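Biologist: I am new to this structure and would like to know what stands behind the terms used for it. May I ask for the reasoning as we go?

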2 protein chains.
Amino acid sequence: MARVTLQTIADRLGVSRATVSYAFSRPDQLSDGLRRRILEVADELGYAGPNPTARSLRLGRAGALGLLFSETLAYAFADPYALGFFQGLATAAEEAGVGLLILPLPHGDRRSDTVRDAVVDAFCVVSLPDGHPALAEVLARKLPVVVVDEPYVPGHPFVGIDEPAAGAAAAAHVLGLGHRRVAVAMVGLHDDGHTGWADRARQESAVFAAMRARRGGYQTACEQAGLDWDDVPFYEVARNSREAGRKAGHALLRLDPRPTAILTNTDVLALGVLDAAADLGLDVPGELSVVGFSDSAAREAGLTTIRQAKQEIGEAAGRLLLSGAAARPERRLFPYELIVRASTAPPPS
Amino acid sequence: MARVTLQTIADRLGVSRATVSYAFSRPDQLSDGLRRRILEVADELGYAGPNPTARSLRLGRAGALGLLFSETLAYAFADPYALGFFQGLATAAEEAGVGLLILPLPHGDRRSDTVRDAVVDAFCVVSLPDGHPALAEVLARKLPVVVVDEPYVPGHPFVGIDEPAAGAAAAAHVLGLGHRRVAVAMVGLHDDGHTGWADRARQESAVFAAMRARRGGYQTACEQAGLDWDDVPFYEVARNSREAGRKAGHALLRLDPRPTAILTNTDVLALGVLDAAADLGLDVPGELSVVGFSDSAAREAGLTTIRQAKQEIGEAAGRLLLSGAAARPERRLFPYELIVRASTAPPPS
DNA sequence: CTCTCCTCCTTAATCAATTAAGACCTTAAT
DNA sequence: ATTAAGGTCTTAATTGATTAAGGAGGAGAG
C-alpha cells in the first residue's frame with residue numbers, strides 16, 4: 001500500500017491535485033459539494049493531511065525555533081536558571097504558535113548533524129563556550145540567531161545581563177559590609193571537567209564568556225576595595241550541584257586564615273557552601289557570609305543573591321527571533337538586582 | 001540576491017546539481033579536486049548547506065520527536081514530575097541524535113496548526129485529558145505515537161505505572177498504620193479550573209484518566225479497610241502548587257472530626273498540606289500523617305511518598321518511538337515504590 | 001444576442017534537495 | 001587489439017505539496 005498523497009485522492013476523484021490542496025487549505029476556492037467529497041475520500045483512504053515537510057518546503061517556513069544549550073538536556077532540565085529561561089522562551093513560542101525544537105549537542109566526538117538538519121526558522125543559542133563547533137554550524141545556516149548569556153557573537157543580537165557590573169555588585173555588597181577575607185567558588189568557567197583551585201591564568205582563560213565576565217566583576221570590586229586579587233582564594237567546580245558547592249565550601253573553609261565571605265556564581269553552589277558551613281558548625285551569617293547568584297533557589301534558604309530576570313530574558317530572546325528583529329545586532333541587557341537576605345552580615349570582629 | 005541552492009553552485013561551475021549534492025553528502029563519488037572547488041564556491045556564494053526541509057522531504061525523515069503536553073510549557077517546566085520525565089525523554093532523544101520538538105497546545109479557542117504542521121517522525125503525548133482535540137490531531141497524522149500516563153488510547157503503546165495499585169498502596173500505608181479518618185487532596189482531575197470540594201460524581205468523571213485511576217486506588221483501599229468512601233473528605237485544586245496544597249490542607253484540617261491522615265497526589269501538594277499543618281501548629285506525624293506522590297520534592301521534606309520511575313518512563317517512551325517498536329500497542333507499566341519517611345505514623349490514640 | 005462577470009476548477013511552475021542508473025573516458029589485463 | 005574494470009560525472013525521476021494565472025461554463029445586464 002503506497003502512501004496516500006494529494007495525488008492519490010485527486011486520481012481517485014478524477015480532479016487535479018490543486019483542487020484537493022484547495023480543499024484543505026482554501027475552502028472558499030471550491031464548491032461545497034466537491035470539497036465534502038474530497039474530504040470524504042481523504043478520510044476513506046486514510047490520508048494524514050498535507051505533508052508538513054512538503055508544506056514547509058513550499059512555504060519556506062518551519063514553524064519552529066531551534067534551541068541549543070551547552071549541557072545535555074537532562075542536565076539543563078535540572079538547572080533552575082536554565083529552567084526559568086526555558087519558561088520565558090516557551091512562553092514566547094507559545095504565543096506565536098511555533099514549536100520549540102530542542103537540539104542535542106554532539107556529545108564527545110560522536111558526529112551529529114542535528115544542527116545542519118534542524119527544520120527551524122531561527123536559532124536561540126544559550127551559554128555555549130567560546131569556539132564551540134556547534135556555534136559555527138548554527139552560523140553556517142544563515143538563519144536569524146540570538147545568543148543568550150554567552151558567547152558574544154559580533155553581528156548577532158545578544159540578550160543577557162551586564163555581567164561585570166552584576167559580579168561587582170555581589171562582591172561590593174560583602175566588601176561594603178567590611179569583609180576583607182573574601183573567597184570565590186565558581187562553576188561553568190571551563191568545560192574540561194576540572195574541579196579544584198584555579199589560578200589567575202586559568203580564571204582569565206575561562207571559555208564561558210559570561211562567567212569570565214562575572215568573575216572580572218568580582219575582581220574589579222575587590223581591587224577597588226584595596227584587595228590584592230592574588231590573595232583571593234578561588235575554587236572552581238565542574239558541575240553545578242549542591243554537592244560540588246559543599247566540596248568547594250570545605251576546601252575554602254579549611255584555609256587559614258579562613259575566609260569570612262564566599263562569593264558563588266550560582267545559588268545551587270551557594271547552598272552547598274551553606275551545607276559545608278553547617279558541617280563545620282559555622283554560624284551563617286555570624287561567622288561566614290555567603291552570596292549566591294540568579295535567585296533561583298535562594299528564597300527558602302534565606303540566601304543573599306543577584307536576581308536575574310530569567311523568564312524575561314527567555315521571552316525577549318524568543319520575541320526577538322519571532323518578530324524578525326533578529327537582523328539588527330541589538331545588544332539587550334536586562335536589569336539585575338542585589339537581593340539581601342540572611343546569609344550576609346558584617347564579618348566577625 | 002536570490003537564495004543560493006545547489007543549482008546556483010552547479011550553474012556557476014558548469015556542473016550538474018547532482019554533482020554538487022554529492023560534494024556535500026557523498027565525498028567518495030567525486031574527485032577531490034572538483035569537490036574542493038565546489039566547496040570553495042559554496043563558501044564564496046554564502047551557501048547555507050543543503051536545505052534541511054528539502055532533505056527531510058526527500059529522505060522521508062524529520063529527525064525530531066514531537067512532544068505534546070497538557071499544560072503550557074511554562075507550567076510544565078515548573079513541575080518536578082514533568083521535568084523528570086523530560087529528562088528521560090531528552091536522554092533517549094540525545095542518544096539517537098534527534099531533536100525534541102516541544103509543541104504548544106492551542107490555548108483557549110485560538111486555533112493553531114502546530115500539530116498538523118509539526119515536522120516530526122513520531123509523537124509523544126503526555127497527560128492529556130480525555131477527549132482533548134489535540135489527541136485527535138496527533139492520531140490523524142498516522143505517525144508512531146506513544147502515550148504517557150494518560151489517556152489510554154487503544155491500539156497505541158502506553159507507558160506509565162499501575163495507577164490503581166499505586167494509589168491503593170499509598171492509602172493502604174496509612175490505613176495499615178491504623179488511620180480511620182482519612183482525607184484526600186488532589187490536583188489534575190479536571191481542567192475546568194475548579195478548586196473546592198469534589199463529590200463522588202465529580203471525582204468519577206475526572207477527565208484525566210491516570211488521576212482518575214489513582215483516585216480509584218485510594219477508594220479501593222479505603223473500602224477494603226472498611227471505610228465508607230462517601231465519608232472520606234475530598235478536596236480538589238486546580239493548580240499543582242504549594243500554595244494550592246496549603247489551601248486544601250486548611251480546608252481539610254478545619255473539618256470536625258479532623259482527619260488524621262491526608263493523601264495527596266503530588267509531592268508539591270503534600271508540601272502545601274505540611275505548610276497548613278504548620279500554620280495550625282499541628283505535629284506531623286504525631287497529629288497528622290501526610291502522603292505525597294512521585295517522590296519529586298519529598299526527600300528534603302521527609303515526606304512519605306510513592307516513587308515513580310520518572311526518568312525511566314521518559315526514556316522508555318523515547319526509545320519506543322525511536323526504535324520503531326511503537327507499532328505494537330505494548331502497554332508498559334513501570335514499577336512504583338512506597339517510600340516511608342517521617343511524615344506518616346500511627347494516628348494519635 | 002452579446003458582453004461582462006463570477007464561480008469553479010486545471011495547468012504548470014516552484015520549493016530544494018537525493019540517488020539509481022547510465023554515459024564517457026582512462027587504464028590495465030589478456 | 002579487445003575486453004573489462006574503475007573512476008567521474010550527468011540524466012532524470014522522485015519526494016509532496018502551494019498558488020498565480022488561465023480557461024470553461026453559466027448567469028445576469030444591456
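Biologist: Where in chain A does A:Ser294 lie?

Modeller: A:Ser294 is in the loop between β10 (289-291) and β11 (305-308) of chain A. Bear in mind that this is a predicted model.

Biologist: What makes the phi of A:Ser294 worth a remark?

Modeller: Most residues other than glycine have a negative phi. A:Ser294 is a residue other than glycine, and its phi is positive, near 105°.

Biologist: Why is A:Ser294 called buried?

Modeller: The cut-off is 20 or more other C-beta atoms within 10 Å. A:Ser294 has 24 C-beta neighbours inside 10 Å, so A:Ser294 counts as buried.

Biologist: Which residue in the loop between β4 and β5 of chain A has a positive phi?

Modeller: A:Asp149 is in that loop. Its phi is near 70°, a positive value in a residue other than glycine.

Biologist: Is A:Asp149 buried or exposed, and how do you know?

Modeller: A:Asp149 has 25 C-beta neighbours inside 10 Å, and therefore counts as buried.

Biologist: Which peptide bond is cis, with omega near -10°?

Modeller: The bond from A:Glu150 to A:Pro151. A:Pro151 lies in the loop between β4 and β5 (158-161) of chain A. Chain B has a cis peptide bond as well, which joins B:Val284 and B:Pro285, with omega about 10°. B:Pro285 is found in the loop between α13 (267-279) and β10 (289-291) of chain B. As for the reason to mention such bonds, most peptide bonds are trans.

Biologist: What makes strand β3 of chain A mostly covered?

Modeller: Strand β3 (residues 122-126) has five buried residues out of five. On one side these are A:Ala122, A:Cys124 and A:Val126, and on the other A:Phe123 and A:Val125, so by the cut-off of 20 neighbours both faces count as covered.

Biologist: How do you know that β3(A) pairs with strand β1 of chain A?

Modeller: Pairing needs at least two bridges. Five bridges join β1 (residues 64-69) to β3(A), so the two strands pair, and they run parallel. Within this pairing, A:Leu65 stands opposite A:Ala122.

Biologist: How many bridges join β3(A) to strand β4 of chain A?

Modeller: Four bridges join β3(A) to β4 (residues 145-148), so these strands pair too, again in parallel. Here A:Val125 stands opposite A:Val147.

Biologist: Which helix makes a β-α-β unit with β3(A) and β4(A)?

Modeller: Helix α8 (residues 133-140) of chain A, and the unit is right-handed.

Biologist: Which strands form the open sheet of chain B, and in what order?

Modeller: Five strands, in the order β7-β8-β6-β9-β10, with mixed pairing.

Biologist: Why are β7 and β10 of chain B called edge strands?

Modeller: β7 (196-197) and β10 each pair on one side only. For β10(B), three bridges join it to strand β9 (residues 261-264), so the minimum of two is met, and these strands run parallel. B:Ala261 stands opposite B:Ser289 in β10(B).

Biologist: How does the reach of helix α14 of chain B compare with the expected span?

Modeller: Helix α14 (residues 310-322) has 13 residues and reaches 18 Å from its first C-alpha to its last, close to the 18 Å expected at 1.5 Å a residue.

Biologist: What makes α14(B) mostly covered?

Modeller: Of its 13 residues, 11 are buried. Among them are B:Lys310, B:Glu315, B:Arg319 and B:Leu321. After the helix comes B:Gly324, with a positive phi near 80°.

Biologist: Which residues come nearest to DNA strand C?

Modeller: A:Thr19, B:Thr5, B:Ala18, B:Ser21 and B:Asn51, out of 27 residues around the strand. The elements giving two or more residues to this surface are α2 (17-25) and α4 (52-59) of chain A, with α2 (17-25) and α4 (52-59) of chain B. The largest share, six residues, comes from α2(B). By class, the surface has 13 nonpolar, eight polar and six charged residues.

Biologist: Which residues come nearest to DNA strand D?

Modeller: A:Thr5, A:Ala18, A:Ser21, A:Asn51 and A:Ala54, of the 27 around that strand. At DNA strand D, α2(A) gives the most, with six residues.

Key
Residues are numbered from 1 along each chain as its sequence is written. Chains are lettered from A and ligands numbered from 1 in the order in which they are written. This is a predicted model: local features need pLDDT of at least 70, side-chain atom pairs count only at pLDDT 80 or more; totals for chains, interfaces and linings use all residues. A residue is near a molecule or strand if its C-beta atom, placed from the backbone, lies within 6 Å of it. Ala, Val, Leu, Ile, Met, Phe, Trp, Tyr, Cys and Pro count as nonpolar, Asp, Glu, Lys and Arg as charged, and the others, Gly among them, as polar. A residue is buried if 20 or more other C-beta atoms lie within 10 Å of its own, exposed if 12 or fewer, and partly exposed in between; C-beta atoms are placed from the backbone. A crossover is right-handed if, with the strands pointing away from the viewer, the path from the first strand over the helix to the second runs clockwise. The expected span of a helix is 1.5 Å times one less than its number of residues.
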